[in-house]
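Here are some short exercises for getting to know a new structure. Try each task on your own before reading the worked solution.

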Amino acid sequence: MKKIDTIVVAPHFYTMEGAGVGYHSDAAMAVDGGKILKVGNRPEILAEYTAEEMITLDHHMVLPGFIDGHMHTACNIMRGLAQDTNSWMMFGLQPFDNAVNDEERDVGSRVAILEAVRAGTTTLGDYESKMENVCAFIDKVGARGNIAQTIRAAKRRVYQPGELYEFDDAMGEESLNRNIDLYNKWNNKAGGRIKILFGPQGADFVSPEMLLRIQKAVKERGTKIHMHVQQGDRETYQIVQRYGKRPTAFLDELGYLDESLIAVHLTDCTDEEAALIAKRGASMIVNPGSIGIIDGIVCPSVVFQQAGGVVALGSDQAPGNNCHNIINEMKNVCLFNKIKYQNPEVMPAWKALRMATIEGAQAIGLGDTVGSLEPGKCADYIAIDLNCPSMLPVYTYPMRNMVPNLVYSARGSEVSLVAVDGKVIMRDGAFTYVDEKEYLNEISKYPDDIGRRAADEFFSIDGTNAHFMREDKL
């Protein structure tokens with residue numbers, strides 16, 4: 001018998017191999033050196049291997065860790081402050097975003113990361129202007145990071161509807177250089193668990209010349225561009241006014257729609273534009289909860305997939321989406337598209353699970369590394385406790401109901417174990433490498449002061465939530 005690190009035993013495995021969900025019953029998984037050796041028949045695995053650790057999960061389903069393709073965890077310090085309002089970015093978020101400092105963003109980010117991991121996310125696609133401390137915390141927790149740093153030349157202030165952004169070329173240059181520095185310091189670090197992408201905030205936030213410089217830097221380094229693309233009528237207006245064409249056509253003419261681009265949202269895309277982006281070889285990240293709440297729109301992920309593109313799920317930001325939970329996003333993407341197309345067969349649960357795992361990994365450039373439980377891949381896996389009320393009862397014949405229950409009924413608390421590179425980083429609600437209570441206690445110190453600093457601008461803008469406050473509706 002071969003001696004290895006770990007054998008995981010459970011009654012149900014979903015490997016996500018093939019075109020479906022790769023179901024195995026009464027199975028085991030052999031893990032050594034952080035890699036998956038084999039998933040298969042339990043007696044055969046136990047006859048072939050002996051392990052330092054045997055993880056026996058008697059009433060669980062085991063599946064790949066979730067991929068959260070697009071997050072702004074630093075915004076978590078402003079959770080719940082910018083929903084239910086038009087002009088979300090300028091009239092909802094901006095008064096608070098202008099008041100928050102870097103220390104407070106880091107405090108919020110740490111809590112968001114813990115929230116995501118607790119609900120089964122193993123790969124965090126985080127995106128913000130200063131990511132050094134985020135990389136360090138993801139490393140400390142033991143999770144996987146696919147990190148972009150914001151590149152932006154548009155000055156940060158509240159812009160009125162119809163007002164074009166004011167560019168500061170020095171600011172754009174400085175943010176590009178910081179992204180390069182982050183890449184040099186962190187890419188492939190933490191045992192390969194951290195990958196660094198380049199993050200132009202959007203085609204409307206930097207010049208065409210800067211976009212091309214970013215693309216050149218990305219191709220030289222073999223990484224990817226993680227960018228908001230046609231994320232709303234605001235961006236469309238900015239690009240049409242500056243360049244006389246819609247964002248998709250502008251980017252296509254620039255040669256930007258290729259396999260190096262991860263396109264986020266596509267909120268204001270027509271079906272034809274979304275299909276073009278897919279056909280050019282770019283991938284997509286859809287954030288159904290966030291865009292549903294802040295824009296009231298269902299983004300064209302179904303059309304993108306029908307055109308041959310791969311789509312990841314993302315939780316986006318907590319001021320408007322209010323949580324970092326990919327189980328929630330699986331449910332949202334199913335429900336919203338069924339309603340959009342008035343067809344209950346559109347976006348079935350198994351498809352959403354693939355978007356949260358293997359197709360999500362493919363979309364963000366990690367399909368050869370994670371997203372499925374296959375030999376040679378990193379042992380990033382989670383266990384769902386099937387004895388939780390939201391998962392009961394369990395049927396295996398004539399149909400299995402575990403995937404529909406996970407997508408439509410689960411809330412995140414059903415995740416009882418999270419492992420990355422074969423190492424358990426959360427088990428039964430307790431984190432292995434960090435003290436969660438320390439970070440939860442820390443964040444409670446900041447809201448009062450942030451609120452005082454933001455109050456004047458919040459009330460002077462007089463947005464929807466200011467009205468709600470005066471009317472005792474919050």
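**Exercise 1. A covered strand**

Task: Find out how many of the residues of strand β10 (residues 225-229) are buried, and say which residues lie on each side.

Solution: The model you are looking at is predicted. Start with the count: five of the five residues of β10 are buried, and the strand is mostly covered. Next, sort the residues by side. In a regular strand the side chains alternate between the two faces of the sheet. In β10, I225, M227 and V229 are on one side, while H226 and H228 are on the other. Both faces of the strand are covered.

Task: Now work out in which sense β10 pairs with strand β11 (residues 261-265), and which residue of β11 is the bridge partner of H228.

Solution: The two strands, β10 and β11, run in the parallel sense and are paired over five bridges. Following H228 across to β11 brings you to V264, its bridge partner.

**Exercise 2. Two helix pairs**

Task: Decide how helix α12 (residues 326-341) is oriented to helix α13 (residues 349-356), using the angle between them.

Solution: First take the geometry: the axes are 9 Å apart and the packing angle is about 135°. That angle makes α12 oblique to α13, because it falls neither over 145 degrees nor in the range 65 to 115. The crossing of α12 past α13 is right-handed. Then look at who takes part. From α12 come I326, M330, V333 and C334, and from α13 come A349, A352, L353, M355 and A356. Sorted by class, this contact has nine nonpolar residues, with no polar and no charged ones.

Task: Do likewise for helix α5 (residues 169-186) and helix α6 (residues 208-221).

Solution: Here the axes come within 11 Å and cross at roughly 10°. α5 is therefore roughly parallel to α6, since angles under 35 degrees count that way. On the α5 side the contact uses G172, E173, L176, I180 and Y183, and on the α6 side M210, R213, I214 and R221. By class, these residues divide into five nonpolar, one polar and three charged.

**Exercise 3. Buried or exposed?**

Task: Is T121 buried or exposed, and what does this residue touch?

Solution: T121 is part of strand β7 (residues 121-128). Its relative accessibility is 1%, so T121 counts as buried. Leaving out residues up to four places away in sequence, T121 touches F66, D68, A116 and I326. You have met I326 already, in the contact of α12 with α13.

Task: Is D428 buried or exposed?

Solution: D428 sits in the loop between β16 and β17 (430-431). With a relative accessibility of 65%, D428 counts as exposed.

**Exercise 4. Backbone details**

Task: Which residues other than glycine have a positive phi, among them D428?

Solution: Phi of D428 is near 50°. Another such residue is D421, with phi near 55°. D421 belongs to the loop between β15 (415-420) and β16 (423-427).

Task: Which residue does a cis peptide bond join to P393, and which to P398?

Solution: Look in the loop between β14 (381-385) and α15 (402-408), where P393 has its place. L392 is joined to P393 by a cis peptide bond with omega about -5°. P398 also lies in the loop between β14 and α15. The cis bond there joins Y397 and P398, and its omega is about 5°.

Technical notes
Residues are numbered from 1 along each chain as its sequence is written. This is a predicted model: local features need pLDDT of at least 70, side-chain atom pairs count only at pLDDT 80 or more; totals for chains, interfaces and linings use all residues. Side-chain values use heavy atoms; hydrogens and water are left out. Axes are lines fitted to C-alpha atoms, for helices over the stretch in contact, and angles run from 0 to 180 degrees between N-to-C directions. Helices (H or I, at least four residues) and strands (E, at least two) are DSSP runs, numbered from the N terminus. A crossing is left-handed if the near helix is turned anticlockwise from the far one by less than a right angle, and right-handed if clockwise. Contact means heavy atoms within 4.5 Å. Ala, Val, Leu, Ile, Met, Phe, Trp, Tyr, Cys and Pro count as nonpolar, Asp, Glu, Lys and Arg as charged, and the others, Gly among them, as polar. Buried means under 20% relative accessible area, exposed over 50%, partly exposed in between (1.4 Å probe, protein chains only). Two strands pair if DSSP finds at least two bridges between them.
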